[in-house]
Amino acid sequence: MSFNHFDDKGQAIMVDVSGKQPTLRTATAAATVAMKPGTLAAVLEGRTAKGDVLGVARLAGIAAAKKTPDLIPLSHPLAIHHAAIEFETDAATGVVTVNATVRAFERTGVEMEAMTSAAVAALTIYDMCKGADKGISIGEIRLLFKEGGKSGTWQREEKR
């Protein structure tokens, strides 16, 4: 198995994508946040001390997509054309699933941007709710879907 972020001497490199043609790239990633059902109820009813938890998490996730190259050393700076965060909530279990979608017309994929976006949105939910619920956990961060480029379309088979 070869990894493309290493040269023939084993040194880390940024992959040279200058010879690739730009194509429309899309990726969707998810992260899971588990909290007490009462905490989630307060979030959904707007009863938290810090305000609109999901609104702030949405903005944090969008901003994170644009900052990915500042956080992941070998990722390319990309001109992001679309970044969106959606939340799925399960009031009975206290689970929030963060879904982040990123799109760009670029020479390389946007998977890292989508995963960073989902992770930061999840961390923001934690930050805004930690005062009320110290037991919040952030679960699996995972790529759900990607399309564009040489490798084409890929979709995760979710286990529900």
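In the predicted model, Val 33 stands opposite Ile 138 of strand β4. This pairing belongs to the contact between strand β1, which spans residues 23–34, and β4; the two strands run antiparallel and are joined by eight bridges. Strand β4 itself covers residues 137–147 and includes Ile 141.

On its other pairing, β4 is joined to strand β5 (residues 154–155) by two bridges, again in an antiparallel arrangement. One residue of this pairing is Lys 146, whose bridge partner in β5 is Trp 154. Six residues lie between the strands of the β4 and β5 hairpin, and within that hairpin Gly 148 adopts a positive phi near 105°.

Strand β4 also contributes to the surface. Ile 141, a residue of β4, forms a nonpolar surface patch together with Leu 123 and Ile 138, and the patch has an area of about 230 Å². Ile 141 is classed as partly exposed because its relative accessibility is 37%, a value between the limits of 20% for buried and 50% for exposed residues.

Val 33 reappears in the interior of the model. The largest nonpolar core comprises 30 residues, and Val 33 is among those with the most contacts inside it, along with Met 35, Val 53, Phe 87, Val 96, Val 98 and Ile 125. At least two residues of this core are supplied by each of β1, α1 (37–44), α2 (53–71), β2 (82–90), β3 (95–106) and α3 (111–129). The greatest contribution comes from α3, which provides seven residues.

The surroundings of Val 98 illustrate the packing of this core. When neighbours within four places in sequence are left aside, Val 98 is in contact with Ala 29, Ala 30, Ala 31 and Val 33, with Ile 85, Glu 86 and Phe 87, and with Ala 118, Ala 121, Ala 122 and Ile 125. Three of the names in this set, Val 33, Phe 87 and Ile 125, are also listed with Val 98 among the core residues with the most contacts.

A further set of contacts involves the loop between α1 and α2, where Lys 50 is placed. With a relative accessible area of 48%, Lys 50 is partly exposed. Beyond its neighbours within four places in sequence, Lys 50 is in contact with Asp 127, Met 128 and Lys 130. Lys 50 and Gly 131 are separated by 81 residues in sequence, whereas their C-alpha atoms are 9.7 Å apart in space.

Methods
Residues numbered from 1 in each chain as written. Predicted model: local features only at pLDDT ≥ 70, side-chain atom pairs only at ≥ 80, totals over all residues. Heavy atoms only, no water. Patch = residues over 30% accessible without salt bridge, like charges linked within 9 Å, V, L, I, M, F, W, Y side chains within 5 Å. Areas by Shrake-Rupley, 256 points an atom, 1.4 Å probe, with all protein chains shown as cover. Salt bridge = Lys/Arg side-chain N within 4 Å of Asp/Glu carboxyl O. Helix = DSSP H or I, 4+ residues; strand = E, 2+ residues; numbered from the N terminus. Buried < 20%, exposed > 50% of the residue type's maximum accessible area, 1.4 Å probe, protein only. Pairing = 2+ DSSP bridges. Core = buried A, V, L, I, M, F, W, Y, C linked by side-chain atoms within 4.5 Å. Contact = heavy atoms within 4.5 Å.
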